[in-house]
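Q: I have a model open and would like to learn how to read it, feature by feature. Can we walk through it together?

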Amino acid sequence: MENQFVALIGEMGRNLRNLLPIVALVVIFQTLVVREPMAELELRILGAVLALVGMTFFIRGLEMSIFPLGDTMADGLARRGSVLLLVAFGFAIGFGSTVAEPALITVTDQAAAAAVAGSAPATSDEIARSSLLLRYTVALGVGAAVAGGVLRIVKGWPVIWFVLPGYALVTVMALVARSPESAVAFDAGTAATSAINIPLMLTLGVGLSALIRDRNPLVDGFGLVALASLTPMLVIMLVSAVA
Amino acid sequence: MAAELAATLGWEALRTLLDLAPIVVLLAVFQFGVLRRALPHVRQILTGLAYVWAGLTLFRLGITEALVPIGRDMATQLVEMAVASAHGPVRAYLPALAFAALVGFTATLIEPTLIAVASRVQEISGGTLRAGAVRVAVACGVAVGLAAGTIRIVYAVPVEYMVAGFAVSLIVLALMAPRPLVPLALDSGGIATSVVTVPLITAFGIAVSEAVPHTTSPADGFGLVVLALLSPMVVLLAIALIQAWLAGGKTRR
């Protein structure tokens, strides 16, 4: 326990070094360019200290829990030898971490309001229903994308087969639609990836590719995050193109 | 102030729980329900999960109270200075664009997801990809993306054109770059746009578009996050390509 405490203090020191560039940047711009005292300085300093402490505990916590859990899970699932089970697990990660994401809820509300307003006089009930539908569609899409990404690792398909056509399709649809909603759809890209599921997807991918013969963890283990961040914008754009 | 802070703390704790809970439930269901295996090091894992929850909550609170308002105020002031400036439209916006790039770079260096992932990448690659180098490369990518996004808002470039430019570069570079680095590069965008950069960039974009006189709708402030998602991929691929090219030149000689 004592040792752990010492280790955390040491890590906090290392993280302080990470924080220095941004503190220096703010101080330089504040004194040389803006030339005014900063508003609510005490609160800002408190915020920086909280960020430092939080960062240290969070990274430590990931190394103690999510990383070993991802490894155990990849190992257990691979030993079962059931591809279906692996794919189901991938789907559950993608769906589960997207469906309740606050950022996605904001985006689907906006997209639904815009879509419903375009067609007919809209009630708030209609907007709520269409937002919920869109949210589940996006979550299903992300689930399918991560499931496909797991299958890709098992089969050894290159990730660019999926990601490059996806971005090409998103770009073409945005250029054709030329509507202000595409900016909203674009920014939904990050709705499927969180500080917690990214480390999990990486360990899962790397763990799986280390266990399957002829797979290289660096080449085959990555790519799940890329698929998960592409899908929300693709789904929202497809839905608004069809509707 | 204390009551406000407590309310924000509560909200951030809830948000973090919403991120964490589905994953923990899912892992428990698969571990105990499907695999039916006992979990080794349960105590360590539970402590770790508590650290993740508390740490991410405090970190988000710190970002909300420090970096986000500083970035927002700085963006407003720099753009207002540019609007009032006697210089031409390019020279006037230089400080704002420089700040966008630099804040994108330095904010990515404190992205905790990236710190954790980069040290794993170093492990996996057997030390050939250094954690610090990966983080700096991704940070360069976010810097390019945030500067490009600010240019888009200031000079009213449609977001579709910016995305098309980055997407075409992404596709071309991904086909040319050395194969082993492509999947990591494609993942880098999602990893870079996480706890720090998304709230910072969103606030930054809204502040810039509010301060620029010609913008018409709040949608003008959107489209920054997608550029910060795409540009690390493009920058990482470009770096990989240049490195392979330099190494290839050396072996030929």
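A: Sure, let's begin with patches: they are made of residues with over 30% relative accessible area and no salt bridge, where like charges are joined within 9 Å and nonpolar side chains (Val, Leu, Ile, Met, Phe, Trp, Tyr) within 5 Å. Accessible areas come from the Shrake-Rupley method with a 1.4 Å probe, and for residues only the protein chains shown count as cover. A salt bridge is a side-chain nitrogen of Lys or Arg within 4 Å of a carboxyl oxygen of Asp or Glu. Here, F5(A), V6(A) and I9(A) make up a nonpolar surface patch, together offering about 310 Å² of accessible area.

Q: Before we go on, what sort of model is this, and how are things numbered?
A: This is a predicted model, where local features need pLDDT of at least 70 and side-chain atom pairs count only at pLDDT 80 or more, while totals for chains, interfaces and linings use all residues. Residues are numbered from 1 along each chain as its sequence is written, chains are lettered from A and ligands numbered from 1 in the order in which they are written, and side-chain values use heavy atoms, with hydrogens and water left out.

Q: Back to the patch: is V6(A) buried or exposed?
A: Buried means under 20% relative accessible area, exposed over 50%, and partly exposed in between (1.4 Å probe, protein chains only). V6(A) has a relative accessibility of 53%, so it counts as exposed. You'll find V6(A) in helix 1 (residues 2-34) of chain A.

Q: What does the secondary structure of chain A come to?
A: Helices (H or I, at least four residues) and strands (E, at least two) are DSSP runs, numbered from the N terminus. Chain A has 11 helices and 0 strands. Its C-alpha atoms fill a box of roughly 55 × 55 × 30 Å along the principal axes.

Q: And what about chain B?
A: Chain B has 9 helices and 0 strands, and its C-alpha trace spans about 70 × 65 × 25 Å along the principal axes. For one element in detail, take helix 7 (residues 182-192) of chain B: 11 of its 11 residues are buried. Among them are P183(B), D187(B) and G190(B).

Q: How much of each chain is buried, and how much surface is left?
A: In chain A, 53% of the 243 residues are buried; in chain B, buried residues are 55% of 253. Chain A's accessible surface is about 10300 Å², with 67% belonging to carbon and sulfur atoms. For chain B the figure is about 10400 Å², and carbon and sulfur atoms supply 70% of it.

Q: How do I read contacts along the sequence?
A: A contact means heavy atoms within 4.5 Å. Take the contacts between residues at least 6 apart in sequence: in chain A, 79% of these join residues at least 24 apart, and in chain B, 81% do.

Q: Which residues is L35(B) in contact with, leaving aside its neighbours within four places in sequence?
A: L35(B) touches M73(A), G76(A), L77(A) and R80(A) from chain A, plus F30(B). L35(B) sits in the loop between helix 1 (2-34) and helix 2 (42-84) of chain B. With a relative accessible area of 7%, L35(B) is buried.

Q: How many salt bridges are there over all chains?
A: The rule gives 8 over all chains. One of them pairs E11(A) with R60(A), N to O at 3.1 Å. That pair links distant parts of the chain, 49 residues apart: E11(A) is in helix 1 of chain A and R60(A) in helix 2 (residues 41-64) of chain A. E11(A) is buried at 14% relative accessibility, and R60(A) is buried at 18%.

Q: Where is the salt bridge between D19(B) and R60(B)?
A: The two side chains meet at 3.0 Å, N to O. D19(B) lies in helix 1 of chain B and R60(B) in helix 2 of chain B, so the pair ties together parts 41 residues apart in sequence. Both D19(B) and R60(B) are buried.

Q: Which salt bridge partner does D75(A) have in chain B?
A: D75(A) pairs with R37(B), the closest N and O atoms being 4.0 Å apart. The pair crosses between chains, from helix 3 (residues 66-80) of chain A to the loop between helix 1 and helix 2 of chain B. R37(B) is partly exposed, with 31% relative accessible area.
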